[in-house]
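Here is a short colleague's note to read alongside the structure. Please keep the 3D view open as you go through the points.

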Amino acid sequence: MSLLEVSDLSVTFSTPDGLLEAVRGLSFSLEAGKTLGIVGESGSGKSVATQTIMGLTQNVRITGTALFEGVDLLTLSRSELRKVRGSQIAMIFQDPLSSLHPFYRVGWQIVEMIREHEDVSKDAARARAIDLLRSVGISQPDVRIDNYPYQFSGGMRQRAMIAMAMALNPKILIADEPTTALDVTVQAQVLEVMERMQQEFGTAIILITHDLGVVADIADDVLVMYAGRAVETADRRTTFYEQHHPYTKGLLESLPAIDTDERLKPITGSPPSLLRLPAGCSFRPRCPYVMDRCAEEPPLRPIDDAGLHRSACWLPTDVTGTGEAAERRRREASEAGSGTGVGSGIDALRRREA
Amino acid sequence: MARFLVRRISLGVVVLWIITILVFVMFFVAPNDVAHRIAGRNATPATVAVVRHTLGLDKPVTTQYWHFLIRLLHGNLGQSYFTQQSVSSLLSSRLPATLSIMAGAAVIWMLLGVTNGVISAIRPRSLADRGLTSFALFFYSLPTFVLGLAMLNIFFYQLHTHGIPNLPGSGYVPLTQDPYQWFVHMILPWITLALLLAATYTRLTRNSMLDVLSEDYIRTARSKGLGEGRVVMRHGLRSALTPIVTQFGIDLGTLVGNLVVTEKVFGISGVGALAVDSITNGDLPVIIGVVIVASAAVVVMNIIVDIAYAVLDPRVRLN
Ligand SMILES: Nc1ncnc2c1ncn2[C@@H]1O[C@H](COP(=O)(O)OP(=O)(O)OP(=O)(O)O)[C@@H](O)[C@H]1O
Ligand code: SF4
Ligand SMILES: [Mg+2]
């Protein structure tokens, strides 16, 4: 049994403009001590999905299950859920300045967390907080513990958030874009701290990011989300070298290549509005390989024999990777599958509609 | 913090000093000759000259101001033209009643407004939210004297005529003389003022709380496994307090109008009533006394509000 097993999770907001299904039938699992990267553009539902698991989304309709050690988190009572939050599953967020309370000392905030879950004295909790700050690489932790968040640098704040999250040795750490708000050099340091904590405590990590590059170093498995759905799941190696879904391929190709002067190729267009999703495959308006069949929504189906690599795309399952041969075969498949010929997805759609 | 205090208090002293100049210019220099008014309409020029001399009005303006300031610093605000009572003793006899009304009303309106605001913010657009907002707006829209008279009518007159134990309708009993009677006499003025002002705080707290509750650090607090009560009060309200404290400072300063009416309706001889009477009578020394005391109160309130800021927000305290 996996540590966390999410099945068919859907989350619907009711907005003034209508129902907005931010997460649609999402399934994934996380093994103890492993790292799962969740990748997708802004608005793809990464935060909503993970926050729903923690019971942090309000005024939503939720279906599906999220089994944590066999217990469905989505059916827990408020007080049962509170015992899980922080102590079993901890979270850190994108902006460490706004995520820490501006009016309380950093140490106070860590101590509060420890004492909420454990019956320890203030002094003992404080001593632990100092140790934690030291272990995430904050120098002079016995002085820094009495600082306010605004007296910390961005990187230090995120380290402090990690220290707080790790205070109770949680089984899962959900890191929601933990490095997006930081400088590139600081990003690497923060990721390294997370990895070190993972090795020390055996914590499983869900690392949310819109940057596949961040995932490349530390994720064991990768879940790619698009418009509220999982479009591809695979281990890291497969994601980078044998990805199947055109969206995953697009994300990879839009990564800046460090050692070549190859140009950045961003995915054209922008994600669809969740209030007005295109019929069929949601990636259709942006997909360069769109076929007639794509008017029908592709299921997340096994790509390899073991069924560990899954993708929601109608292209043949044996066409993977970014190589030239694969590219040619995709185009051939697309051509064969459509009466309108190859072109950018947008062109093809336009032609079909004309 | 100490440096902050020193700076803030020195600034307050400067502001007070400027106020004394303004008062002096307004009442002694600018308008028609004070000596004429004191000597009376039919006084001979000789009498006026005598009055002018005794008041020191024949000296240069700067000397006059200097004397005015020295007297002020000795707590000497002159004597009422009418009762010949010293203005400072007049004021100090009236002040306790006014302070009692203000302090009690402030406690009630803050508790009422902030509590209602928090409840509204926890469930925006709920029945409780709508109910409390309408309740607050209803009282907010009433003129002070209408609410005061209505309270008087119900809790004094109606209860009395129906033989039900009623609240006293007027008067002030000093706290030192009889705490129970003091309390009972204060209830109606307190509630009247509090109901009028609570609405502002309900709305302010609600909006401020709604902003704060959508902050990232509230999500952090919840993700730590804290109880909702602690999240809302300790993490939410703590941040939402700043605009509420600002408003409180402003309201205490501008309460004068409401205070005057309340004192009049409930027959309490406070500073507000004194102000009205002295203006009607043209009792200049008393008017000046009231203006200076009121200004000093506003200045002191502002210092207290600033200190409250510093206590609330470490970024203010430590910079
Ligand atoms: N409280 C809410 N009410 C209505 N819609 C919401 C709410 N919260 C999120 N959404 C919508 O749900 C969708 C998914 O949002 P989510 O924050 O999960 O995206 P994300 O993948 O985390 O993106 P980002 O990279 O920007 O953080 C978005 O379209 C967003 O507008
Ligand atoms: S080929 Fe079709 S199914 Fe696959 S991503 Fe493109 S539009 Fe979607
Ligand atoms: Mg997000």
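The points below move from the conventions to the two sheets of chain A, then to a ligand and to chain B.

1. First, the ground rules. This is a predicted model, where local features need pLDDT of at least 70, side-chain atom pairs count only at pLDDT 80 or more, and totals for chains, interfaces and linings use all residues. Residues are numbered from 1 along each chain as its sequence is written, chains are lettered from A and ligands numbered from 1 in the order in which they are written, and side-chain values use heavy atoms, leaving out hydrogens and water.

2. A good place to start is the four-stranded sheet of chain A, which is open, antiparallel and ordered β2-β1-β4-β5. Strands here are DSSP runs of E with at least two residues, and helices are runs of H or I with at least four, numbered from the N terminus. Two strands pair if DSSP finds at least two bridges between them. At the edges are β2 (18–30) and β5 (71–72) of chain A, each pairing on one side only.

3. Now look at β1(A), residues 4–15, which is joined to β2(A) by nine bridges. A hairpin of two residues links β1(A) to β2(A). Working along this pair, Ser14(A) faces Leu19(A), Thr12(A) has Glu21(A) as its bridge partner, and Val11(A) is partnered by Val23(A).

4. β1(A) also runs antiparallel to β4(A), with eight bridges between them. One position to find is Ser10(A), which stands opposite Thr63(A) in β4(A). Helix α1 (46–53) of chain A lies across β1, β2 and β4 (60–68), at about 110° to β1(A). Such angles run from 0 to 180 degrees between N-to-C directions of axes fitted to C-alpha atoms, for helices over the stretch in contact, and contact means heavy atoms within 4.5 Å.

5. The other sheet to trace in chain A is open, has eight strands with mixed pairing, and follows the order β6-β7-β8-β3-β9-β10-β12-β11. Its edge strands are β6 (89–92) and β11 (301–302), each with pairing on one side only. Strands β3 (35–39) and β9 (221–226) of chain A are parallel and share four bridges; Leu36(A) is opposite Asp221(A) there. Helix α7 (154–166) of chain A lies across β6 and β7 (172–176), at about 170° to β6(A).

6. Which residues surround ligand 2? Among them are His245(A), Cys281(A), Phe283(A), Arg284(A), Cys287(A), Cys294(A), Cys313(A) and Trp314(A), where near means a heavy atom within 4 Å. The shell divides into ten nonpolar residues, one polar and one charged, with Cys, Pro, Phe, Tyr, Trp and Leu among the kinds counted as nonpolar, Arg among the charged, and His falling with the polar.

7. Finally, chain B has 14 helices and zero strands. Its C-alpha trace spans about 85 × 60 × 35 Å along the principal axes.
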